[in-house]
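User: I have a model open and would like to go through it with you. Could you take my questions as they come?
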Amino acid sequence: MMMVGPDGVGKTTLLATMYHELTSIKDQSEFEFAATEDTHHDLQDAYQKLTKIIEQPSFTQTGSLLKGTAGIHERRFDVFFRGKKEFDLVFCDIAGGIIRAGEQSHDFEEFTAKLSKAVVIVNVIDGSALVEGDDSLSTEKNEPEHVFQLLKPTLTDGKNHLVLFVVTKCEAWLKTEAKQQALREAFEERYASMLNFIQHHPNLAGVLIPVKTLGCVEFTRIDYHENEKDVIFVRKPNLKFQPEGTDQPLRYALAFALTHHEQKRGSWSRFVRWFWGEDIAFRQSLMEFASAHDKHFNIYGNTGLIEVNKK
Ligand SMILES: Nc1nc2c(ncn2[C@@H]2O[C@H](COP(=O)(O)OP(=O)(O)O)[C@@H](O)[C@H]2O)c(=O)[nH]1
Ligand SMILES: [Mg+2]
């Protein structure tokens, strides 16, 4: 899984809160997610920083959470079922600068090489800039057109791909039906060219997944200065730090993976052969985990690509 998005949209925050949420899943299912040592350390660190940031009465946005998130970081999670390690998931987290780096740069080469192998692409989007920002702010924070151009070679390689549009910093637009609609409309407008492309290719599907990575911080306004724009959030003292829905991208990714038995590519066929050779209890549990994705999200393109067929 490849994560894309400019600096500061919330990629690392999403991973850190997802990891936290996954480790608590253990109590309700027979799955256990364990990060490898480096990943565990970095994501715990990011999570600790988040809990500190939100203790302050006036929430100040920091730059990127993890210092030195330069280059590409493989965040690896081992997945255990009934105590036995079954498979691992790798999320590639990037320093947003990479997507702007010159084509000659080493990081950029590594990025495109990894991207070309990705099955699921997670495009993280800053929701406040998306809905409330003027054209230039929204473009500057999320770079939809630039991201689209980067993804195009992968999306046109003839294989099936899932693009998850994960929207962060959108607590303010999850509160009512009307606000959710405003969020959806802003997304569809600003991502029109990528969505249009997805809709015209039967091997592609996209899902709009707004998440709460913090849950207790809300957008208030944008201050426009001469050369700068500050997006102001406030800490809501009556609300708890409570990430919500951060497990959804993973459930969708797995649902997509399990729906594609027919794919002919090396690692994929291996995955599928492995999967069908596994014991039935494990297969069923994994399918249940995957199909427990929230069905209310908007899906674009070929919806058949993510319908888990429980056999
Ligand atoms: N209000 C709000 N702020 C967020 C949310 N997610 C991330 N942030 C803030 O955005 C900043 C940058 O996040 P980070 O995960 O480092 O972005 P990255 O550069 O894409 O990895 C951090 O200071 C977070 O506090 C969210 O859902 N709501
Ligand atoms: Mg980061």
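User: Where is Lys169 found?
Analyst: In this predicted model, Lys169 sits in the loop that runs between strand 6 (161-168) and helix 7 (177-190).

User: And is Lys169 buried or exposed?
Analyst: Lys169 is buried, its relative accessible area being 14%, which falls under the 20% cut-off. Its backbone deserves a look as well, since phi of Lys169 is near 50°, a positive value in a residue other than glycine.

User: What about Glu143, what is its phi?
Analyst: Glu143 is not a glycine either, and has a positive phi of about 45°. The residue belongs to the loop between helix 5 (135-142) and helix 6, and with a relative accessible area of 12% Glu143 counts as buried.

User: Staying with loops, which residues is Thr213 in contact with?
Analyst: Leaving aside neighbours within four places in sequence, Thr213 contacts Thr13, Leu14, Thr17, Thr168, Phe241, Pro243 and Thr246. Thr213 itself lies in the loop between strand 7 (204-210) and strand 8 (217-224), and is buried, with a relative accessible area of 5%.

User: Switching to helices, at what angle do helix 3 and helix 6 pack?
Analyst: Helix 3 (residues 106-117) and helix 6 (residues 144-155) pack at about 45°, and their axes are 9 Å apart. That angle falls outside the roughly parallel, antiparallel and perpendicular ranges, so the two helices are oblique to each other; their crossing is right-handed.

User: Which residues make that contact?
Analyst: Helix 3 contributes Phe108, Phe111, Leu115 and Ser116, while helix 6 contributes Leu150, Leu151 and Thr154.

User: Now the interior: which residues of the largest nonpolar core touch the most other members?
Analyst: Those are Phe77, Leu89, Val120, Leu162, Leu164 and Leu250, in a core of 51 residues. Helix 9 (residues 248-258) supplies the largest share of this core, namely eight residues. Apart from that core lies another one, of 48 residues, which includes Val4, Cys92, Phe108 and Ile198.

User: Back to Leu164, what does it touch?
Analyst: Not counting residues up to four places away in sequence, Leu164 touches Val120, Ile121, Val122, Asn123, Val207, Ile209, Pro249 and Tyr252.

User: Last one, which element has the lowest mean pLDDT?
Analyst: Helix 10 (residues 266-277) has the lowest, at 72, whereas helix 8 (residues 192-199) has the highest, at 98. Over the protein chain the average pLDDT is 86, and 90% of the residues score at least 70.

How values were computed: Residues numbered from 1 in each chain as written. Chains lettered and ligands numbered in written order. Predicted model: local features only at pLDDT ≥ 70, side-chain atom pairs only at ≥ 80, totals over all residues. Heavy atoms only, no water. Core = buried A, V, L, I, M, F, W, Y, C linked by side-chain atoms within 4.5 Å. Buried < 20%, exposed > 50% of the residue type's maximum accessible area, 1.4 Å probe, protein only. Helix = DSSP H or I, 4+ residues; strand = E, 2+ residues; numbered from the N terminus. Contact = heavy atoms within 4.5 Å. pLDDT = per-residue confidence, 0-100. Axes fitted to C-alpha atoms, helices over the stretch in contact; angles between N-to-C directions. Parallel < 35°, antiparallel > 145°, perpendicular 65-115°, else oblique. Left-handed = near helix turned anticlockwise from the far one by under 90°.
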